[in-house]
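The report that follows goes through one protein chain, from single side chains to the chain as a whole. Please keep the sequence and the structure in view while reading.

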Amino acid sequence: PGEMVIDWVSSCPQGAGSYVAWDDGGTSNGTAPGYDHATSFDMGMKGQNYTLHYATMTNLLPSHQYFYVLGCKGPSPGFPTGGMRLRDPLPLRSWPPPDREPIWAMYGDMGLRADRWRNLAPTIPGLTLLHEQGGIDGVVHAGDYAYDFIDNDGQIGDQFMNAIQPYASAVPYMGSVGNHECGGGNLKHFA
């Protein structure tokens, strides 16, 4: 309780001073350094290199609304002098207090599209709405994402991750590798 780990991927190179900063709009805020897991070199996506980072947010109040930003302090592609904020602030609801059982959404085998007639799997807006109503505290995704991350030079994976971002960036989101992510380029895109 009181801590959450944020993982993210960016074009910031290893050692560029990645960080997470958070605020609740008044009484609770902080900044934590990011740690670099690894850099994935040219996954076939137009020669771009990506680094996987993580940082731990601390002293969080239970079931509290925060906003967080991710960034890097040092030089990175497109920002040779440094100082890059990766995106606008994202909302985050911290973990519930110990006396309340968390509510989990659990699923697997979810592609970006339901079929050739629907451009978005119906589960995605349903989970987004459930999150917005405060109905879930966390998500477990038991493998098989996007169908498939690597398709269309990684654009299907990007579209899938953008589609689930409203809830996947706002509550703990734990994923595991499924048979579609095993081996080859698709595993690189999953990581």
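## A salt bridge between two loops

Arg100 counts as partly exposed, its relative accessibility being 33%. The model in which Arg100 is placed is a predicted one, and the values quoted in this report are to be read with that in mind. The side chain of Arg100 meets that of Asp137 in a salt bridge, with 3.0 Å from N to O, and a search of the whole structure finds one such salt bridge. Because Asp137 lies in the loop between H1 and strand S11 (138-141) while Arg100 lies in the loop between S8 and S9, the pair ties together parts that are 37 residues apart in sequence.

The acidic partner, Asp137, has a relative accessible area of 5% and is therefore buried, the cut-off for that class being under 20%. Arg100, at 33%, is instead partly exposed.

## Aromatic pairs

Two aromatic pairs are present in the structure. In one of them, the rings of Tyr35 and Tyr54 have centres 5.6 Å apart and planes at 35°, so this pair is classed as tilted. Tyr35 belongs to strand S4 (residues 35-40) and Tyr54 to strand S5 (residues 50-57), so the contact between the rings ties together parts that are 19 residues apart in sequence. Both tyrosines fall in the partly exposed class, Tyr35 with a relative accessibility of 44% and Tyr54 with a relative accessible area of 29%.

Trp95 and Trp104 form another aromatic pair, which is also tilted, with 5.4 Å from centre to centre and 55° between the planes. Trp95 is partly exposed at 27% relative accessibility, and Trp104 is likewise partly exposed, with a relative accessible area of 32%.

## A nonpolar patch at the surface

Trp104 has a further role in the description of the surface, since together with Met106 and Met174 it makes a nonpolar surface patch of about 330 Å². Met106 is found in strand S9, which covers residues 104-107. With a relative accessible area of 62%, Met106 is exposed, because the exposed class begins over 50%; Trp104, at 32%, remains in the partly exposed class.

## Strand S6 and its neighbours

Which strand is largely enclosed by the rest of the structure? Strand S6 (residues 65-72) fits that description, because six of its eight residues are buried. S6 pairs with S2 in the antiparallel sense over six bridges, and within the pairing Asp23 stands opposite Phe67 of S6. S6 is also joined to strand S8 (residues 90-93) by four bridges, again with the strands running antiparallel; here Tyr66 has Leu92 in S8 as its bridge partner.

Strand S2 spans residues 18-23 and includes Tyr19. Tyr19 has a relative accessible area of 17% and is therefore buried. The C-alpha atoms of Tyr19 and Thr56, which are 37 residues apart along the chain, are separated by 9.5 Å.

## The surroundings of His131

His131 is placed in helix H1, which runs over residues 123-132. Its relative accessible area is 11%, so His131 is buried. When residues up to four places away in sequence are left out, His131 touches Arg93, Ile136, Pro166, Tyr167, Ala170 and Val171. The C-alpha atoms of His131 and Ala105 are 9.6 Å apart in space, with these positions 26 residues apart in terms of sequence separation.

## The chain as a whole

The chain has three helices and 13 strands. It comprises 191 residues, of which 40% count as buried, and its accessible surface comes to about 10,200 Å², with 55% of this area belonging to carbon and sulfur atoms. Among the contacts with a separation of 6 or more, 68% are between residues 24 or more positions apart. The salt bridge of Asp137 and Arg100, whose residues are 37 apart in sequence, offers an individual example of a link between separate parts of the chain.

Terms used: Residues are numbered from 1 along each chain as its sequence is written. This is a predicted model: local features need pLDDT of at least 70, side-chain atom pairs count only at pLDDT 80 or more; totals for chains, interfaces and linings use all residues. Side-chain values use heavy atoms; hydrogens and water are left out. Helices (H or I, at least four residues) and strands (E, at least two) are DSSP runs, numbered from the N terminus. Buried means under 20% relative accessible area, exposed over 50%, partly exposed in between (1.4 Å probe, protein chains only). Contact means heavy atoms within 4.5 Å. Accessible areas come from the Shrake-Rupley method with a 1.4 Å probe; for residues, only the protein chains shown count as cover. Patches are made of residues with over 30% relative accessible area and no salt bridge: like charges are joined within 9 Å, nonpolar side chains (Val, Leu, Ile, Met, Phe, Trp, Tyr) within 5 Å. A salt bridge is a side-chain nitrogen of Lys or Arg within 4 Å of a carboxyl oxygen of Asp or Glu. Two strands pair if DSSP finds at least two bridges between them. Rings of Phe, Tyr and Trp (its six-membered ring) pair if their centres lie within 6.5 Å; planes under 30 degrees apart count as stacked, over 60 as edge-to-face and the rest as tilted.
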